[in-house]
Amino acid sequence: MLIPPHGNAPLKPLLLPQEEWSEALKRARTLKRLPLSSREVSDLFMLAMGAYTPLDGFMGATDWRGACLEMRLENGLFWPLPITLSCSEDFAVATGDEVALTDEEGTLLGILAVTEKYTIDKTLECREVYRTADEAHPGVAKVMAQGTVNLAGPVSVFSEGHFPETYQGLYLRPAETRALFAEKGWSTVAAFQTRNPMHRSHEFLARVAMEVCDGLLIHQVLGALKDGDIPAEVRVRAIDWLVANHFPEGRAIQAGYPIEMRYAGPREALLHALFRQNFGCSHLVVGRDHAGLGGYYGPYDAHHIFDQIDDGSLAIQPLKIDDTFHCFDCRGMATGNVCFAADDGADSLEEDERYRMVAAVATGNAVERVCRLDNDGKLRISGTRLREMFAGGEAIPPEYSRSGVVAILQAYYDGAA
């Protein structure tokens, strides 16, 4: 039996049935139009697919404030980030009106039935959600660039943009992932969040998760990325190769979803867990500096925040995994709390045994440490550094990434040069 959607509610996709699109579009063409920012468009698409179940649209003032200050909506539902829609103060709309929602190019996406028009304290939102009001933070910059007024109300969506067509077979809605999990007979599924091709640390985290759960959902960000990020279609090919050659057969599914990252660190980790529960996942892999950026958050703040929320806030469980690196002394992948470079020079452990031991720690079981605490023979692996090496024409060490992944990424960089 799969985990229930958030709030024990049925999935609530807000995408209108196709047979209703024509009438809705006709009505939308008669309405005042409101262009959405890229973040608001991504939230609309998440509402459309049911990822934000059980929300029925954009939040009102009480829910905005509750999400910011208490991570709770007015009805008591746990919700760690505000999902809001803004407009300028002179946008002429009143409670009870309908507004046509468009992207920045003017494409009609849906209709908002306005229930409230209200102002917010942007600095309060930034300090509570992002822990900073520094506009160098891209999430803060987005909030500060919003219109001065928010509109609330339920939405009816009749477009998911280019995502379903561009990412056929990868763009999977929560109802579709749940059906796939059920078909495979999985009852426990770990979600692995990524916006990068999977290097050896990512692979290690994923394999640890498969020691805990029946299956793995490799869940790719398809929304707006940062400059220098590798396009989704390249990532998919690289991950496909990795799964086919280095993962147990039939244990991993790739999918993508349309969110735009906020880089809100711990708060965003909670949101990632919440909507992965809607996709049917029982666990979320939470690594070092999950959804973080620069030095705005501590490396394990996203671990700690799961211990600070009330019991029952989420049904999904975090798999908290420490700093992951290649250890030259024990000749393999290890973590900050389970390394295998023993003082007595014992033989290195096989990969499967490493996965099992780290999985035991991630699920709260004690494992005797078998490493030298003063060991500094570590190669720390990051997507940022990997992109720098490709861009600079550096050789990629085998400890950093599998050969097939390197070949696919090298072809991309050669073509982009």
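# Close-up views of a predicted model

**View 1. The second largest cavity and its lining.** Seven names make up the wall here: Asn196, Pro197, His199, Ile230, Gly383, Leu386 and Arg387 line the second largest cavity. The model is predicted. The space inside this cavity is about 30 Å³. Its lining has three nonpolar, three polar and one charged residues. In all, the structure holds two cavities of 30 Å³ or more.

**View 2. The largest cavity and its lining.** The volume of the largest cavity is about 40 Å³. Its lining consists of Arg39, Leu81, Pro82, Glu125, Val129, Tyr130 and Arg262. Which helix gives the largest share of this lining? Helix α4 does, with three residues. By class, four lining residues are nonpolar, none are polar and three are charged.

**View 3. The largest pocket.** This pocket holds about 880 Å³ of space. Its lining counts 31 residues. Nearest the centre lie Asn196, His202, Arg288, Asp289 and Gly383. Three elements each give two or more residues to the lining: β8 (189–194), α8 (200–212) and α13 (383–391). The lining splits into nine nonpolar, 14 polar and eight charged residues. Two names return from View 1: Asn196 and Gly383 line the second largest cavity, and both are among the residues nearest the centre of the largest pocket.

**View 4. The second largest pocket.** Here the volume is about 300 Å³. The lining is made of 18 residues. Ser38, Val41, Phe45, His162 and Phe163 lie nearest the centre. Helix α2 (residues 38–49) gives the most to this lining, with four residues. Eight of the lining residues are nonpolar, six are polar and four are charged.

**View 5. Helix α8 against helix α12.** How far apart are the axes of α8 and α12 (residues 351–362)? They lie 8 Å apart, and the helices pack at an angle of about 70°. Angles from 65 to 115 degrees count as roughly perpendicular, so α8 is roughly perpendicular to α12. Their crossing is right-handed. On the α8 side, the contact uses Arg200, Glu203, Phe204, Arg207, Val208, Glu211 and Val212. On the α12 side, it uses Glu351, Asp352, Arg354, Tyr355, Arg356, Val358 and Ala359. By class, this contact has six nonpolar, no polar and eight charged residues. Helix α8 also appears in View 3, where it gives two or more residues to the lining of the largest pocket.

**View 6. Helix α3 against helix α4.** The axes of α3 (residues 61–69) and α4 (residues 122–130) come within 8 Å and cross at roughly 40°. The two helices are therefore oblique to each other. Helix α3 brings Trp64, Arg65, Cys68 and Leu69 to the contact. Helix α4 brings Leu124, Glu125, Glu128 and Val129. Five residues of the contact are nonpolar, none are polar and three are charged. Glu125 and Val129 also belong to View 2, where they help line the largest cavity.

**View 7. Two spots in the backbone.** Where is the cis peptide bond in this view? It joins Thr53 and Pro54, with omega at about 10°. Pro54 sits in the loop between α2 and β2 (57–58). The other spot is Asn8, in the segment before α1 (21–28). Phi of Asn8 is near 55°, a positive value in a residue other than glycine.

Terms used
Residues numbered from 1 in each chain as written. Predicted model: local features only at pLDDT ≥ 70, side-chain atom pairs only at ≥ 80, totals over all residues. Heavy atoms only, no water. 1 Å grid on protein atoms, 1.4 Å probe; cavity = no way out; pocket = protein on both sides within 12 Å on 5 of 7 lines; lining within 4 Å. Points joined across faces, edges and corners; volume = space filled by probe spheres on them. Nonpolar A, V, L, I, M, F, W, Y, C, P; charged D, E, K, R; others polar. Axes fitted to C-alpha atoms, helices over the stretch in contact; angles between N-to-C directions. Parallel < 35°, antiparallel > 145°, perpendicular 65-115°, else oblique. Left-handed = near helix turned anticlockwise from the far one by under 90°. Contact = heavy atoms within 4.5 Å.
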